[in-house]
Amino acid sequence: MIYTTTLLSSRGGLIGSLINKVRQVVAKDWPPSAPYRANDTDHRPLPLTPPRPLAAASISNSPAGQSKTLEEQVGLPPRPKKPLTPYFRFMREQRPKLVASNPKITTIEVVRQLSREWSDADAQLKLRLQADYKKDQQIYMEERTKYDATLTDEQRAEIKQLKQDIVDAKERRQLRKRVKELGRPKKPASAFLRFIVSERTNTPQAAKQTYREWHQKTTAKWTRLSDSEKEVYMQEARKEMELYRKAITVWEEKMIRLGHIDVVRHGNLIDPPEPKPRKSQAAKEK
């Protein structure tokens with residue numbers, strides 16, 4: 001069965017992920033197997049690499065080579081990468097030609113155009129790409145099996161924990177975004193932060209002074225203030241904090257009525273969810 005990918009979905013997440021993957025594929029795997037030149041007058045030799053399985057690229061937004069894999073974070077060599085699927089092999093071959101014929105084309109238009117071309121592509125071409133994919137997939141499975149056999153139980157546990165940390169961080173980001181979209185009242189600034197803001201106007205940063213130096217100097221100034229001098233900022237902070245408490249109570253009651261329990265502070269729920277165990281506690285239980 002020929003592998004196909006639907007790109008013209010109305011969901012922006014799918015298009016965005018595929019666009020990022022396209023960028024990584026182009027960056028990692030140029031030139032294509034049949035060298036192509038946008039300019040026939042350019043006779044410089046194209047850089048060619050030894051044959052190897054085409055590795056599927058990460059869909060991360062971070063530039064290739066800057067972020068470490070989970071295995072590298074625990075001191076291991078990077079694991080073998082999955083080979084490119086037939087569609088992305090097709091894209092790798094056809095994209096340079098499409099961009100050369102239309103240099104101003106956007107990445108999303110490249111994806112859409114190649115998706116249409118892939119749907120109408122010759123069956124023999126798809127079979128060839130599928131055969132190449134299966135061949136590299138077999139190589140990948142053998143390399144991955146050998147790689148996994150070298151991992152210790154401690155390394156596996158550490159990699160598993162790193163994966164969970166990534167999931168937890170993503171959930172926190174999504175929750176912060178959700179809370180913002182639902183219009184949660186913002187917590188007011190503390191007395192110290194109010195002092196910092198006022199000092200930005202009263203005693204601005206000097207031309208040859210770094211922000212770190214200015215902040216350290218301002219913090220030292222705050223510690224030297226008398227209680228009466230600090231009280232001005234404390235009163236403002238207390239007044240706004242009281243307004244915030246009333247606003248957040250009204251907002252959370254509204255969220256409970258609307259069914260958005262996940263954005264309400266657990267202390268205000270009759271039946272709060274079970275807290276996640278900390279790493280240290282989980283390790284002791286094991």
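These are legends for four close-up views of a predicted model.

**View 1. Helices H7 and H8 pack against each other.** Here we're looking at H7, running from residue 191 to 202, and H8, which covers residues 211–224. Their axes sit 11 Å apart and meet at an angle of about 120°. That angle falls outside the 65 to 115 range for roughly perpendicular and isn't over 145 either, so H7 and H8 end up oblique to each other. The crossing itself is right-handed. On the H7 side, the contact uses Ala191, Phe192, Phe195, Ile196, Glu199 and Arg200. H8 answers with Tyr211, Trp214, His215, Thr218, Thr219, Lys221 and Trp222. Sort the contact residues by class and you get seven nonpolar, three polar and three charged.

**View 2. Arginine 194, a buried arginine in helix H7.** Stay on H7 for this one, since that's where arginine 194 lies. Its relative accessible area is 15%, and the cut-off for buried is under 20%, so arginine 194 counts as buried. Which residues does arginine 194 touch, leaving out those up to four places away in sequence? Look for Pro188 and Ala189, and then for Tyr233, Glu236, Ala237 and Glu240.

**View 3. Arginine 156, a partly exposed arginine in helix H6.** Now move to H6, which spans residues 153–181 and holds arginine 156. Is this side chain's residue buried, exposed or partly exposed? With 39% relative accessibility, arginine 156 goes down as partly exposed, because that class sits between the 20% and 50% cut-offs. Skipping residues up to four places away in sequence, arginine 156 touches Asp148, Ala149 and Leu151. Check out valine 74 as well: it is 82 residues from arginine 156 in sequence, yet the C-alpha to C-alpha separation is 9.7 Å.

**View 4. The largest nonpolar core, built from twelve residues.** To find your way around, start with Leu84, Tyr87, Phe88, Phe90, Met91 and Leu98, which are among the members. The rest of the set is Ile105, Val110, Leu114, Trp118, Ala121 and Leu129. Which elements give two or more residues to this core? They are helix H3 (86–101) and helix H4 (107–119). H3 gives the most, with five residues. Zoom in on isoleucine 105, one of the core residues. Not counting residues up to four places away in sequence, isoleucine 105 touches Leu98, Val99 and Val110.

Technical notes: Residues are numbered from 1 along each chain as its sequence is written. This is a predicted model: local features need pLDDT of at least 70, side-chain atom pairs count only at pLDDT 80 or more; totals for chains, interfaces and linings use all residues. Side-chain values use heavy atoms; hydrogens and water are left out. Axes are lines fitted to C-alpha atoms, for helices over the stretch in contact, and angles run from 0 to 180 degrees between N-to-C directions. Helices (H or I, at least four residues) and strands (E, at least two) are DSSP runs, numbered from the N terminus. Angles under 35 degrees count as roughly parallel, over 145 as roughly antiparallel, 65 to 115 as roughly perpendicular and the rest as oblique. A crossing is left-handed if the near helix is turned anticlockwise from the far one by less than a right angle, and right-handed if clockwise. Contact means heavy atoms within 4.5 Å. Ala, Val, Leu, Ile, Met, Phe, Trp, Tyr, Cys and Pro count as nonpolar, Asp, Glu, Lys and Arg as charged, and the others, Gly among them, as polar. Buried means under 20% relative accessible area, exposed over 50%, partly exposed in between (1.4 Å probe, protein chains only). A nonpolar core is a set of buried Ala, Val, Leu, Ile, Met, Phe, Trp, Tyr and Cys residues joined through side-chain atoms within 4.5 Å.
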